[in-house]
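Subject: Structure handover and notes

Dear colleague,

Please find the structure below, followed by my notes on what turned up in it. I would be glad if you could read the two side by side.

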Amino acid sequence: MLKEEKHIKNLFRETVNVHPPDTLHQKVRTRILHDTHFYKEKRRKRIAMYIVSSVAAIILFLGGSFFSPTMAEVLQKLPFIGFIYEGFQSDIGLDKAKQLGLTQEYQKTVLSNDIEVTLTSAYYDGSNLSIAYTLYNHGPTNLERKSDQWDERSMLIGSHTKMTEFLFNDSNVRGGFDEKYKKKGPRQYEGNLYIYPMAFPKEDQFDVEVSVSEIRGVKGDWKLRIPVTKEKVKEKGMVQTFTPSFKKEAFGGEICIKSVNFSPTGIELITETTMKKGSGTLLFSILEVGADEGVAGGKKDIGNGQELTTSRSSFPPMKEIPDQITIKAYSPDDSSKEVTFKVPLKK
């Protein structure tokens, strides 16, 4: 772990000319311990960790798949029609998105063991999904009490993420999750859930189920199901998809840029990399906006000593869609292994 920490600090200094705090090692360790709960029960294979990018994103390789939980800050900006998520920390209920008619409104409520959870709205644009909720504690348990049994940053997800499941069209979601909440009143809370899957369903509309079996030590059964769609965002012309299928030979293999999706909250880059088995995994930057803010993907053996890696990388949004983007592909553990190329964008 100390080796990875040194690599992070060097990467910070080389790319953004800042000095990470000495507490970085402990913070990264805490985050890793939190995120490994996602698959701990289902996958007990060795986890190899690479910590990369200017925000020290965490990539967890779990067997043939990996993910990097993106940070909620990806939702802070909304170009094309203004900054919907500007001041996001104080906009827990997605109020700015609501004002522009970009959210879906619900009143899906479940009361279990004196805790009432309601899903109130959702925002989905094909690249990012956030769901707003309210929570009312009608029981005697103090949900604000301190305990090392849960993550103080979260109310529904908590540290023991096996207590919370997300499903798309009845299939378990694999990827990263995040949450922010605030106290709304006496024993009342509101927050947002952020879901960063390895892949969203291909359909514009699908069902999302949030299933929680324990909240801050209170066991119960909170299952809430809502439909989400990106139609509202598409109707406003705020989502554009390019499929260049651009190919670049590099590192003894081939990189294919399958698609580039521009949405109000970010850019989604889908890549396929064919390389010799054991060559490691590549990460990508879009030089016009910087390093990725999260990665999800998987690997599979395609024979002849080669493997195919499919990655979904998320980036900050752009105010205008360019005619081309500049991509840098690089190895997170070998600074000499990188290649830069331009990808034209044509409808």
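In what order do the 4 strands of the open sheet come, and is their pairing parallel or antiparallel? Before I answer, please keep in mind that this is a predicted model. The order is 8-7-11-12, and the pairing is antiparallel. The edges are formed by strand 8 (171–172) and strand 12 (218–229), each of which pairs on one side only. As general background, the strands of a sheet pair through backbone hydrogen bonds, in either a parallel or an antiparallel way.

Going through that sheet from one edge, strand 7 (residues 164–168) is joined to strand 8 by 2 bridges, the two running antiparallel, and L167 has N172 in strand 8 as its bridge partner. Towards the other edge, strand 11 (residues 205–215) and strand 12 also run antiparallel and are joined by 10 bridges, with V212 bridged to W222 in strand 12. Strands 11 and 12 form a hairpin that leaves 2 residues between them, and in its turn R216 has a positive phi of about 50°.

For the wider setting, the protein contains 4 helices and 22 strands, and 52% of its 347 residues count as buried. If one takes the contacts between residues at least 6 apart in sequence, 59% of them join residues at least 24 apart. The accessible surface comes to about 16,300 Å², and carbon and sulfur atoms account for 48% of it.

The interior is perhaps best described through its nonpolar cores. The largest has 33 residues, and I131 and L135 are the ones with the most contacts inside it. At least two residues of this core come from each of strand 4 (104–112), strand 5 (115–124), strand 6, strand 7, strand 10 (188–197), strand 11 and strand 12. There is also a second, separate core of 21 residues, which includes F242, F262, M318 and V343. In soluble globular proteins, nonpolar side chains tend to be buried together.

Beyond residues up to four places away in sequence, L135 touches I115, E116, V117, L143, M155, L156, R187, Q188, Y189 and I215. T134, in strand 6 (residues 129–137), counts as buried because its relative accessibility is 9%, against a cut-off of under 20%. With neighbours within four places in sequence again left aside, T134 is in contact with E116, V117, T118, T120, K184, Y189 and E190.

A search of the whole structure for aromatic pairs finds 9. One of them is F242 with F262, an edge-to-face arrangement at 5.8 Å centre to centre and 90° between the planes. This pair links distant parts of the chain, since F242 lies in strand 13 (residues 240–242) and F262 in strand 15 (residues 253–263), 20 residues apart. Both F242 and F262 are buried. Elsewhere, ring pairs link Y124, F168, F200 and F206 into a cluster.

The same two phenylalanines, F242 and F262, appear again among the contacts of L345. L345 is found in the segment after strand 22 (334–344), and it is buried, with a relative accessible area of 8%. Although L345 and F242 are 103 residues apart in sequence, their C-alpha atoms are 6.2 Å apart in space. Apart from neighbours within four places in sequence, the residues in contact with L345 are F242, V260, F262, P322, D323, Q324 and I325.

Two lysines placed over rings may also interest you. K328 lies over the face of Y330, at 5.4 Å from the ring centre, while the charged end of K337 sits over the ring of F251, 5.5 Å from its centre.

Finally, is E307 buried or exposed? E307, which has its place in strand 20 (residues 306–315), counts as buried because its relative accessibility of 12% falls under the 20% cut-off. Its contacts, leaving aside neighbours within four places in sequence, are with T273, T274, M275, K276, K277, G278, K299, K300, D301 and I302.

With best regards

Conventions. Residues are numbered from 1 along each chain as its sequence is written. This is a predicted model: local features need pLDDT of at least 70, side-chain atom pairs count only at pLDDT 80 or more; totals for chains, interfaces and linings use all residues. Side-chain values use heavy atoms; hydrogens and water are left out. Buried means under 20% relative accessible area, exposed over 50%, partly exposed in between (1.4 Å probe, protein chains only). Contact means heavy atoms within 4.5 Å. Two strands pair if DSSP finds at least two bridges between them. A nonpolar core is a set of buried Ala, Val, Leu, Ile, Met, Phe, Trp, Tyr and Cys residues joined through side-chain atoms within 4.5 Å. Accessible areas come from the Shrake-Rupley method with a 1.4 Å probe; for residues, only the protein chains shown count as cover. Rings of Phe, Tyr and Trp (its six-membered ring) pair if their centres lie within 6.5 Å; planes under 30 degrees apart count as stacked, over 60 as edge-to-face and the rest as tilted. A charge sits over a ring if NZ of Lys or CZ of Arg is within 6 Å of the ring centre and within 35 degrees of the ring normal.
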